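Got your viewer open? Grab the mouse, and let's take a walk around the fold, one selection at a time.

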Amino acid sequence: MCLLGLTGSAAAASPSRASPASVSPASASPATASTRSAAGKTLRVAMDSSGVDTLNPFVSYFNGSLDLFGAIYPTLTVIEKNGKPGPYLATSWSLSKDHRTWTFKIRPGLKWSDGKPLTAADAAWTFHLIMTNDVAATANGTLVSHFESVSAPNPTTLVITTNQPQADLTYVSVPIYGIPIVPEHIWKSHVKGLKSYQNDSFPVVGYGPWTLTGYKTDQYATLDANKSFVFGAPKYGHLIERLYKTSDSAVAALRSGQLDYISGVNATEFTSLRRTSGVHTVQAAGNGWNGLELNPGARTRGGKPIGTGNPALKDPVLRRAIALSIDKKTLVGKVLDGYGTVGQGYLPPAWSQWVWKPPPGQEQKYDPHKANQLLDKAGYRRGRGGIRVDPKNGKPLVLRLGIHSDESEDAAFAPYIAGWLGDIGIKVVIHPMSMSALNSDLGKGDWDMLIDAWTSGPDPTYMLGIQSCTTLPNEQGTGGNTDSFFCDPRYEKLFGQQQSQFDPEQRARIVGKMQKILYDADVDIMFYNKRQKIATSSKVTGMNTGTPDAQGFYPAQSSFWSYLDAAPTAQRHYSAGGIGLWFGIAAAVIVLGAGAAIIRHRAGVDDRE
């Protein structure tokens, strides 16, 4: 799941560029002497807290992984700083009159990091593999679900034909939120064992602003600048992405000068950092949601029941009662200190063209009295200790709540959820799990409720696709990236319609209908959309892209541009030769931060965040 996951995962936005007209190339300058002069300097950033599930882009959907893929693999287009697709590998594109054949002109003369030519054939091979291989389709299969054929008639031409008009095609392959294009000559020998292939031979062969030179599980990734990158070389010679188990430890590293950038600071620490000398703080529009997933009956694509979910959650009355029992305003106030908005629609506020709100009178407001009435009427009588009994099997209504043990926000609001559900007669057992363990249980259906988070790029297809029937696991219980085993024929029909609608207003209306179906199903209960809270060392500039709005909030930020545009504002007191020493220092910071987190955990809910 994407913490885009969460990391998540793929994207797109206003289809204004997706029209039957050619797009002219963007200006792109090679690396210059001034940018190369920064070689030896190291930009040090906190990796997304989701971490890296795998370095295999065909099966990964954690945000930590997706950020790395955006840095080391090319895509057809790039999301420009205005949120629209612009040239990257493709310098221009055109669309046939029937809106079914796209022709992309591929930039000539590029080379993979091992010196082999990078051509349209690599893009065609990547897309075709996802189209024809269930494992390769795990992360991004929904994005090519309407592809009929892909070909590369010559090294600089890519032709994609779809079985219906597809308005979002220029967003299908974009950094971080779309399909990374991989080198065929490296990957073709790994197709047979693709599910288990780790892609951990360093340096990883790719093409992007950076080259991945090393990775240590749950610790860090090291990258070197691509000095001949098409948009210009990064201003730093090296990049280190360090995974911190707690937000506290990352903030401690920033304060001590051992870290340059954090995106995703928790509320209490952000308030404190705003008053800290040498640290620059900003807020950006929320591009994701935090919420509660309910298991309505895990099953495969063929309808075979799987997992150990509580069968009571198949009842829509019970799910609605749970939705009514949660006080979202309190979560925003207590957990976020007000740095966010109450969740309603499935798509985040960063992409305003897709924002949906329930019609007046149909809002699911906090109403425990109504929740109790619904359960009473449905026959969920109260038994010993006030715990309700499932009328179908006579068992006490006890639900497991899976939370991320490495996410401070989960620990903060889990007691609230347990208390509110207790008020309506549902006993909650909290199960802290690591990110990897929680996601392993998710696909198997071995859960009742999960606290989760996803982020999204500017096009809604990927996020909406997570709720598509095609993302359910196959009959062997593998594949797909569903988050709640949702599958609804009405939703499925609309999903296809929104992809083929080129009129932005019409598409938005279809997307709104889809969000209404999800809202009424109560399988993904949106807690809130939190703003992106960013803290940067004052020794670094250029990391915050775009122009703040009237409230001072930046547009949603992308690590692709932030890490590429970042530049030092003063001479550092370390060099590339000091990377190993920095790792040792950072490891000590992590231990100290973990201890601080334990103290905060014992302090009580009202004292956290």
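How many of the seven residues of strand 15 are buried? Select strand 15 and check: five of its seven residues are buried, so it is mostly covered, given that buried means under 20% relative accessible area. Keep in mind as you go that this is a predicted model.

**Stop 1: the sheet around strand 15**

Now widen the selection to the sheet that strand 15 belongs to. Six strands make up this open sheet, in the order 14-18-13-17-15-16, and their pairing is mixed. At the edges you'll find strand 14 (340-342) and strand 16, each of which pairs on one side only. From one strand to the next, the twist averages 30°.

Zoom in on strand 15 and strand 16. Seven bridges pair them, in the parallel sense. Pick out isoleucine 403, which stands opposite proline 432 in strand 16. Then click on histidine 404: its opposite number in strand 16 is methionine 433. Here's a handy bit of background: strands of a sheet pair through backbone hydrogen bonds, either parallel or antiparallel.

Next, show helix 10 (residues 408-423). Helix 10 lies across strands 13, 15, 16, 17 and 18, and runs at about 165° to strand 15.

**Stop 2: asparagine 529**

Stay with this sheet and select asparagine 529, which sits in strand 18 (residues 524-530). Is asparagine 529 buried or exposed? Its relative accessible area is 8%, so asparagine 529 is buried. Follow its side chain: it reaches the backbone oxygen of glycine 288 at 3.0 Å. Leaving aside residues up to four places away in sequence, asparagine 529 also touches others, including Trp289, Thr341, Val342, Pro348 and Pro349.

**Stop 3: helix 11**

Jump to helix 11 (residues 435-444) and colour Met435, Leu438, Asn439 and Leu442, which are buried. Why are they on the same side of helix 11? Look down the axis: they cover an arc of only 95° around it, and that puts them on the same side. The general rule helps here: an α-helix has 3.6 residues a turn, so residues three or four places apart point the same way.

What covers these buried residues? The cover includes strand 13 (288-294), strand 15 (398-404), strand 16 (427-433) and strand 17 (449-455).

Check both ends of helix 11 too. At the N-terminal end, serine 434 acts as a cap, with a side-chain oxygen 3.2 Å from the backbone nitrogen of alanine 437. Just after helix 11 comes glycine 445, with a positive phi of about 80°.

**Stop 4: helix 14**

Now select helix 14 (residues 504-521). Helix 14 has 18 residues and reaches 26 Å from its first C-alpha to its last, close to the 26 Å expected at 1.5 Å a residue. Its buried residues include Arg507, Ile510, Met514, Leu518 and Tyr519. To see what the buried residues of helix 14 pack against, turn on helix 7 (316-325), helix 12 (461-465) and helix 13 (489-500).

Helix 14 has a cap at its N-terminal end as well: a side-chain oxygen of aspartate 503 lies 3.1 Å from the backbone nitrogen of glutamate 505. Just after helix 14, look for aspartate 522, which takes a positive phi of about 55°.

**Stop 5: a four-strand sheet**

Select strands 4, 5, 6 and 7. They form an open sheet in the order 4-5-7-6, with antiparallel pairing. Its edge strands are strand 4 (90-95) and strand 6 (147-154), each pairing on one side only. The twist here averages 20° from one strand to the next.

Strand 5 (residues 101-106) and strand 7 (residues 157-162) run antiparallel, joined by five bridges. Click on lysine 105 and you'll see it opposite threonine 157 in strand 7. Then bring in helix 3 (residues 120-132), which lies across strands 5, 6 and 7 and runs at about 160° to strand 6.

**Stop 6: some unusual backbone**

First, the background: most residues other than glycine have a negative phi, and most peptide bonds are trans. Now try histidine 99, in the loop between strand 4 and strand 5. Histidine 99 isn't a glycine, yet its phi is positive, about 65°. Its relative accessible area is 21%, so histidine 99 counts as partly exposed.

Move on to the loop between helix 4 and strand 8, where asparagine 199 is found. Asparagine 199 has a positive phi of about 55°, and it is buried, at 4% relative accessible area. In the loop between helix 4 (184-187) and strand 8 (210-216), also select proline 203. A cis peptide bond, with omega about -5°, joins phenylalanine 202 to proline 203.

Methods. Residues numbered from 1 in each chain as written. Predicted model: local features only at pLDDT ≥ 70, side-chain atom pairs only at ≥ 80, totals over all residues. Heavy atoms only, no water. Helix = DSSP H or I, 4+ residues; strand = E, 2+ residues; numbered from the N terminus. Buried < 20%, exposed > 50% of the residue type's maximum accessible area, 1.4 Å probe, protein only. Polar contact = N/O pair within 3.5 Å; in protein donor to acceptor, adjacent residues only side chain to side chain. Contact = heavy atoms within 4.5 Å. Arc of directions from axis to C-beta. Expected span 1.5 Å × (residues − 1). Pairing = 2+ DSSP bridges. Axes fitted to C-alpha atoms, helices over the stretch in contact; angles between N-to-C directions.
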